Amino acid sequence: MRRVESLAREHWYELLIAALLITALLELILGRDSSPMSVRYAAPLVGLLIAPLFARKRFPFAAPASYWLLATGISFIDGALIPFMVSLFPVGLVSAFLLGNQRDMRRAWAGLAIVFGGIITVVYNIPGHATAELIVIPVDFGISWAAGVALRDRMQKAEAAETRAAQAEREREAAARVAVAEERARIARELHDIVAHAVSVMVLQVGAVRHQLPDALAEQRGALTDVERAGRTALAEMRRLLAAMRREGEEAELVPQPGLDGIDSLLEQIGRAGLPVELHVDGEPVPLPRGVDLSAYRIVQEGLTNALKHAHASDAEVTFRYRPDELEIEVRDNGLGSSTTDGLGHGLVGVRERVKIYGGEMSAGSANGGGFVLSTRLPFDGDGR
């Protein structure tokens, strides 16, 4: 049953034309006593007249135009044949509608000329026609043509709207991909900076230990020299990598990357900008891995910046929950909602990327009773437990 319905929706036009063709043939057969032409000759002419309409998908202009050209020719053979079959009237209306529903308006105007030329000729060739019929009957088909033009305009507007929507969606997807790539590069630069700092400390410590070794441990001192040399090489390559990752014109950051030890300063800065923030800490704070520490700071920074610049909040709360193997962060405000970007990074895009690095979880949405809540979970070991 569903297949039949699907076929009917897909081929309704062909079914309609087929039904009208069958009706016209039945009119000829049942009214053969009064038919102006023998059924033997009339039936093939009717089939020839309607057959081109089945090809309207492949020939959107030629198919309906052929109907009127053939109707004109048949009217010269027998002027009473076409008006004898009442079912040909809706067929003519359909053909006029299709000629008006052309994508090229020049073809539509040409179709109107064909319709008027054809119907006036057909009416004129009817034996005993009235003069008024040369005006009234063509108007009916002109109205059908105008309906096709109106539907064409509506369809073109709908297609244009769909095209704009699809283009906007592609642009949003492209912008999202660019935002993710830029944010990943930004996070990578920060993490590489942390790694470079750690390697630098290791090299200094190895050098200090090497200088303190006595001459009797020359072999161990040589091994430490190799370690120190490898560390300095790694540092040099790290600096080149960081330089390559910076965008053109971007200067190297000379200040250390921030962490939760600077959260109070951040909250004071946000408060001076007009958004008072209340800090809550649940559990005993513990030293965090440097990357997690930086990401936690950036998550709070992004959440508060969004609340201040885009959500138009009047107050906010930041909550840290220290668990045995993870840190939960919640930024809550009473504003209007979130924005995908802000002036520092890429808003929730950046938060999501930072959380993903450490195998954590993130959720963001409207809070019960109003406002907006950003919640994240950062595992200490980054394996997603």
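This short presentation walks through an open sheet, the helix that packs on it, and a few further contacts in the structure above.

Good morning. Please keep in mind throughout that this is a predicted model.

Let me begin with the sheet. How many strands form it, and in what order? There are five, arranged as β1-β2-β3-β5-β4 in an open sheet, and their pairing is mixed. The edge strands are β1 and β4, since each of them pairs on one side only. Averaged over the sheet, neighbouring strands are turned by 10° against each other, with direction ignored. For those new to the subject, strands of a sheet pair through backbone hydrogen bonds, and this pairing can be parallel or antiparallel.

Two of the pairings deserve a closer look, and both involve β5. Strand β3, residues 326-333, is joined to β5 by eight bridges, and the two run antiparallel. Within that pairing, Glu-330 stands opposite Ser-375 of β5. On the other pairing, β4, residues 361-366, meets β5, residues 372-379, over six bridges, again in the antiparallel sense. Here Ser-375 of β5 is the bridge partner of Ser-363. Strands β4 and β5 form a hairpin, and five residues lie between them. In that turn, Gly-369 has a positive phi of about 90°.

I turn now to helix α10, which spans residues 263-272. Which of its residues are buried? They are Ile-263, Leu-266, Leu-267 and Ile-270. Viewed down the helix axis, the buried residues of α10 fall within an arc of 95°, and therefore they line one face of the helix. The face turned away from this buried side carries Glu-268 and Arg-272, which are exposed.

What do the buried residues of α10 pack against? Their partners are β1 (277-282), α11 (290-309) and β2 (316-322). Just after α10, Gly-274 adopts a positive phi of about 115°.

One of the elements just named, helix α11, contains Arg-290. Is Arg-290 buried or partly exposed? Its relative accessibility is 33%, so Arg-290 counts as partly exposed. Leaving aside neighbours within four places in sequence, Arg-290 is in contact with Ile-194, Gln-257, Pro-258 and Gly-259. Arg-290 and Leu-191 are also worth finding on the screen: they are 99 residues apart in sequence, while their C-alpha atoms are 8.7 Å apart in space.

Next, a pair of helices. Helix α6, residues 88-100, packs with helix α7, residues 105-124, at an angle of about 155°, and their axes are 7 Å apart. Because of this angle, α6 is roughly antiparallel to α7. On the α6 side the contact is made by Ala-96, Leu-99 and Gly-100, and on the α7 side by Arg-107, Ala-108, Gly-111 and Val-115. Sorted by class, this contact has four nonpolar, two polar and one charged residues.

My final example is Glu-14, found in helix α2, which covers residues 12-30. Why does Glu-14 count as buried? The reason is its relative accessibility of 17%, because buried means under 20%. Not counting residues up to four places away in sequence, Glu-14 touches Phe-54 and Lys-57.

To close, I would ask you to locate two things in the structure: Ser-375 in β5, opposite Glu-330, and the buried residues of α10, which line one face of that helix. Thank you for your attention.

Technical notes
Residues are numbered from 1 along each chain as its sequence is written. This is a predicted model: local features need pLDDT of at least 70, side-chain atom pairs count only at pLDDT 80 or more; totals for chains, interfaces and linings use all residues. Side-chain values use heavy atoms; hydrogens and water are left out. Buried means under 20% relative accessible area, exposed over 50%, partly exposed in between (1.4 Å probe, protein chains only). Helices (H or I, at least four residues) and strands (E, at least two) are DSSP runs, numbered from the N terminus. The arc is that of the directions from the helix axis to the C-beta atoms. Contact means heavy atoms within 4.5 Å. Two strands pair if DSSP finds at least two bridges between them. Axes are lines fitted to C-alpha atoms, for helices over the stretch in contact, and angles run from 0 to 180 degrees between N-to-C directions. Angles under 35 degrees count as roughly parallel, over 145 as roughly antiparallel, 65 to 115 as roughly perpendicular and the rest as oblique. Ala, Val, Leu, Ile, Met, Phe, Trp, Tyr, Cys and Pro count as nonpolar, Asp, Glu, Lys and Arg as charged, and the others, Gly among them, as polar.
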